[in-house]
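Subject: Structure handover

Hello,

Here is the structure I promised you. Please open it first, then read my notes below.

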Amino acid sequence: MKILQISRFVFSLILVWLLLVACSPDSGQVLGATIIPTDAVPILQSGQVRQWAAGAEASTEFADPEWAAIQATDAPNTTRCGDYQTAWASAGSDTVDTLVLTYTLSVHVTGINIVQSFNPNQVSKVELLGVFDRPTSVYDAQPNQVDQPCPYILSIPVEKTDTQFNKIRITVDQSILGLGWNQIDAVELVGDLE
Ligand SMILES: [Ca+2]
């Protein structure tokens, strides 16, 4: 009987410890729900969320970590126009390539801002990726050369989506204008929580 009581006491201690760990701010989890670091994603009083990409993958990368897909995450950090390693570049300079970006919060999308730091604008397609990466196209255009300003921000207004998204895919078609790499420094997803 005493052993049973001790076992129960130890079990209770473990349970309390698990609860404390689960609720600590550094754990990233609260009983299965992800804690969002509120300082990372500013939410305006209107409920609008503006966020820079938290993760990125590309069909090809010129190098890694320089010019890798990950260089398109976070806020813009390529202050001048040119061939800088702080932006994503594909392996080839005259190819069609894709860049997929993920965001901390899922939102009803109202806009996308693509900051291009070299040879804009060769973005030919932008899609929201839903469940099982099912795409919804929000931009489809022929590449068009933009000399100024550079860095250039391609702002794509989106009619507020019914469902929430936290993933987008950008296609660059560098085979048409003959400009060379179209480098992407950062991509902002704008949307509403509700
Ligand atoms: Ca960057």
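First, a term: strands here are DSSP runs of E with at least two residues, numbered from the N terminus. Two of them pair if DSSP finds at least two bridges between them. Please keep in mind that this is a predicted model.

**Strand pairing**

β5 and β9 run antiparallel and are joined by 8 bridges. One pair to look up is T102 with its bridge partner K167 in β9. β9 also pairs with β6, again in the antiparallel sense, over 5 bridges. There, E127 has R169 in β9 as its bridge partner.

**The core**

Which residues have the most contacts inside the largest nonpolar core? They are A72, W88, L99, L101, I170, I184 and V187, in a core of 33 residues. Six strands each supply at least two residues of this core: β3 (48-52), β4 (55-58), β5 (96-118), β6 (123-129), β9 (165-173) and β10 (183-192). The largest share comes from β5, with 9 residues.

V187 is a good place to start looking. Leave aside its neighbours within four places in sequence. V187 is then in contact with A53, A72, L101, I112, I114, V115 and I170.

**Cis peptide bonds**

Go next to the loop between β7 (135-140) and β8 (152-157), where P149 sits. The bond joining Q148 and P149 is cis, with omega about -5°. P151 is found in the loop between β7 and β8 as well. The peptide bond from C150 to P151 is also cis, and its omega is near 0°.

**Positive phi**

D74 is not a glycine, yet its phi is positive, near 65°. D74 lies in the loop between β4 and β5. Is D74 buried, partly exposed or exposed? D74 has 15 other C-beta atoms within 10 Å, so it counts as partly exposed. The cut-offs behind that are 20 or more for buried and 12 or fewer for exposed.

F132 is not a glycine either, and has a positive phi of about 55°. Its place is in the loop between β6 and β7. F132 is exposed, because just 5 other C-beta atoms lie within 10 Å.

**Where to look**

For a quick tour, start at V187 and its contact I170. Then follow β9 to its bridges with β5 and with β6. Finish in the loop between β7 and β8, at P149 and P151.

Best wishes

Notes:
Residues numbered from 1 in each chain as written. Predicted model: local features only at pLDDT ≥ 70, side-chain atom pairs only at ≥ 80, totals over all residues. Core = buried A, V, L, I, M, F, W, Y, C linked by C-beta atoms within 7 Å. Helix = DSSP H or I, 4+ residues; strand = E, 2+ residues; numbered from the N terminus. Contact = placed C-beta atoms within 7 Å.
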